[in-house]
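Please read the following note on the cysteine pairs with the sequence and the model at hand. The points are numbered so that each may be checked in turn.

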Amino acid sequence: GIPPPCNTCPMGKYKETTGQWNSTCTNFSHCGIGLFRTGHTTIDPGTCQACPLGTYKDFEGAWYAQCNPCPIGSSSVAGSTNIQQC
């Protein structure tokens, strides 16, 4: 018979194999402090990148956790891990 149509993964998950209707979705991993996830799709987990200049991230949060902006009038180097680095 005809196999069922492919299902896309929900947000926060991806499939390592495309074209297989019964393959399972894998959870994105968490990015560590000073890092955020970018380039993710339903077939690619993307990568963890350093927080950009002027931001920081002081926790290892959910896959969608973003970097926080430094206070007005301050900045930071890429990959900063706490507000004191601003």
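1. A residue counts as buried when its relative accessible area is under 20%, as exposed when that area is over 50%, and as partly exposed in between. The model discussed here is predicted. With this scale, C31 is buried, since its relative accessibility is 2%.

2. A disulfide is a covalent bond between the sulfur atoms of two cysteines. In the model, a pair of cysteine sulfur atoms within 2.5 Å is taken as a disulfide, and the count by this rule is three.

3. One of these links joins C31 to C48, with an S to S distance of 2.1 Å. C31 is found in the loop between β2 (26–27) and β3 (35–38), while C48 belongs to strand β4 (residues 47–50), so the disulfide ties together parts that are 17 residues apart in sequence. The torsion about the S-S bond of C31 and C48 is about -85 degrees, and the disulfide is therefore left-handed.

4. How buried or exposed are the two ends of this link, C31 and C48? C31 is buried at 2% relative accessibility. C48 has a relative accessible area of 32% and is therefore partly exposed.

5. A further disulfide is formed by C51 and C67, whose sulfur atoms are 2.0 Å apart. This pair links distant parts of the chain: C51 is in the loop between β4 and β5 (55–56), and C67 is in the loop between β5 and β6 (68–69), 16 residues apart. The torsion about the S-S bond of C51 and C67 is about -85 degrees, so this disulfide is left-handed.

6. Are C51 and C67 buried or exposed? C51 has a relative accessible area of 0% and is therefore buried. C67 has a relative accessibility of 15% and so counts as buried.

7. C70 and C86 are also joined by a disulfide, with an S to S distance of 2.0 Å. Both C70 and C86 lie in the segment after β6, and the pair ties together parts that are 16 residues apart in sequence. The torsion about the S-S bond of C70 and C86 is -70 degrees, and the link is left-handed.

8. As to the accessibility of this last pair, C70 is buried because its relative accessible area is 11%. C86, at 25% relative accessibility, counts as partly exposed.

How values were computed: Residues numbered from 1 in each chain as written. Predicted model: local features only at pLDDT ≥ 70, side-chain atom pairs only at ≥ 80, totals over all residues. Heavy atoms only, no water. Helix = DSSP H or I, 4+ residues; strand = E, 2+ residues; numbered from the N terminus. Buried < 20%, exposed > 50% of the residue type's maximum accessible area, 1.4 Å probe, protein only.
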